Amino acid sequence: MKYFALSSYRKAIKVIESSTNQAHIKACYRYINNFFNQYSTPSRSNFGPFKTFYIEEWIGNMYSRLLEKLEEKEKSLK
């Protein structure tokens, strides 16, 4: 699983770097959320009206870095 997650992470970085407009940014957010959904497991408990997920720490770190990179890219396009 680590190989596939790392491969998906690298692909997400390429997707972010190739974004050139706001439509691409929206698509990147969806791509990153799909990355999260692919490597997370829904937990049984809910936190109020929100769903909760179990995710390994290293996947969570990758997800956070992807969001940070996307925010940086979005700021650079404005």
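This report describes the helices, the hairpin and selected residues of a predicted model.

## Overall architecture

In this predicted model, the protein chain contains 3 helices and 2 strands, and these elements follow the pattern α-α-β-β-α when read along the sequence. The C-alpha trace spans about 40 × 30 × 15 Å along its principal axes. Of the 78 residues of the protein chain, 26% count as buried. Among the contacts with a separation of 6 or more, 65% are accounted for by residues 24 or more positions apart.

## Packing of α1 with α2 and α3

Helix α1, which covers residues 2–17, packs with α3 at an angle of about 5°, and the axes of these helices are 10 Å apart. Since angles under 35 degrees count as roughly parallel, α1 and α3 are therefore roughly parallel to each other. On the α1 side the contact is made by Lys2, Ala5, Leu6, Tyr9, Ala12, Ile13, Ile16 and Glu17, while α3 contributes Trp58, Ile59, Met62, Arg65, Leu66, Lys69, Leu70 and Lys73. By residue class, this contact of α1 with α3 comprises 11 nonpolar and 5 charged residues, with no polar ones.

The axes of α1 and α2 come within 10 Å and cross at roughly 170°. As angles over 145 degrees count as roughly antiparallel, α1 and α2 are therefore roughly antiparallel to each other. Here Phe4, Ala5, Ser8, Tyr9, Lys11, Ala12, Val15 and Ile16 of α1 meet Cys28, Tyr31, Ile32, Phe35 and Tyr39 of α2. The residues of the contact of α1 with α2 divide into 11 nonpolar, 1 polar and 1 charged. Ala5, Tyr9, Ala12 and Ile16 of α1 are listed in the contact with α3 and also in the contact with α2.

## Packing of α2 with α3

Helix α2 (residues 22–39) and helix α3 (residues 57–77) have axes that come within 10 Å and cross at roughly 175°, which makes α2 roughly antiparallel to α3. From α2, the residues Gln22, Ile25, Cys28, Tyr29, Ile32, Asn33, Phe35, Phe36 and Tyr39 take part, and they meet Ile59, Met62, Tyr63, Leu66, Leu67, Leu70, Glu71, Lys73, Glu74 and Leu77 of α3. This contact of α2 with α3 holds 14 nonpolar residues, together with 2 polar and 3 charged ones.

## Glu74, a charged residue of the α2–α3 contact

Glu74 lies in helix α3 and is one of the residues through which α3 meets α2. With a relative accessible area of 15%, Glu74 is classed as buried, because that value falls under the 20% cut-off. Leaving aside neighbours within four places in sequence, Glu74 is in contact with Gln22, Ile25 and Tyr29. With Gln22, the side chain of Glu74 forms a polar contact of 3.1 Å.

## The β1–β2 hairpin

Strand β1, residues 41–47, is hardly covered, the count of buried residues among its 7 residues being 0. It pairs with strand β2 (residues 50–54) in the antiparallel sense over 4 bridges, and one of the bridge partnerships links Pro42 with Phe53 in β2. The hairpin of β1 and β2 has 2 residues between the strands, and in this hairpin Gly48 takes a positive phi near 65°.

## Loop residues Ser40 and Ile55

Ser40 is found in the loop between α2 and β1, and at 11% relative accessibility Ser40 counts as buried. A polar atom of the side chain of Ser40 lies 2.8 Å from the backbone oxygen of Phe36. When neighbours within four places in sequence are left aside, Ser40 is in contact with Phe53, Tyr54 and Ile55; among these, Phe53 is the bridge partner of Pro42.

Ile55 is found in the loop between β2 and α3. At 23% relative accessibility, Ile55 counts as partly exposed, whereas Ser40, which Ile55 touches, counts as buried. Not counting residues up to four places away in sequence, Ile55 touches Phe36, Tyr39, Ser40 and Gly60, and of these Phe36 and Tyr39 are listed among the α2 residues that meet α3. The C-alpha atoms of Ile55 and Asn33, which are 22 residues apart along the chain, are separated by 13 Å.

Conventions. Residues are numbered from 1 along each chain as its sequence is written. This is a predicted model: local features need pLDDT of at least 70, side-chain atom pairs count only at pLDDT 80 or more; totals for chains, interfaces and linings use all residues. Side-chain values use heavy atoms; hydrogens and water are left out. Axes are lines fitted to C-alpha atoms, for helices over the stretch in contact, and angles run from 0 to 180 degrees between N-to-C directions. Angles under 35 degrees count as roughly parallel, over 145 as roughly antiparallel, 65 to 115 as roughly perpendicular and the rest as oblique. Contact means heavy atoms within 4.5 Å. Ala, Val, Leu, Ile, Met, Phe, Trp, Tyr, Cys and Pro count as nonpolar, Asp, Glu, Lys and Arg as charged, and the others, Gly among them, as polar. Buried means under 20% relative accessible area, exposed over 50%, partly exposed in between (1.4 Å probe, protein chains only). A polar contact is a pair of N or O atoms within 3.5 Å; within protein, one must be able to donate a hydrogen and the other to accept it, and residues adjacent in sequence count only if both atoms are side-chain atoms. Two strands pair if DSSP finds at least two bridges between them.
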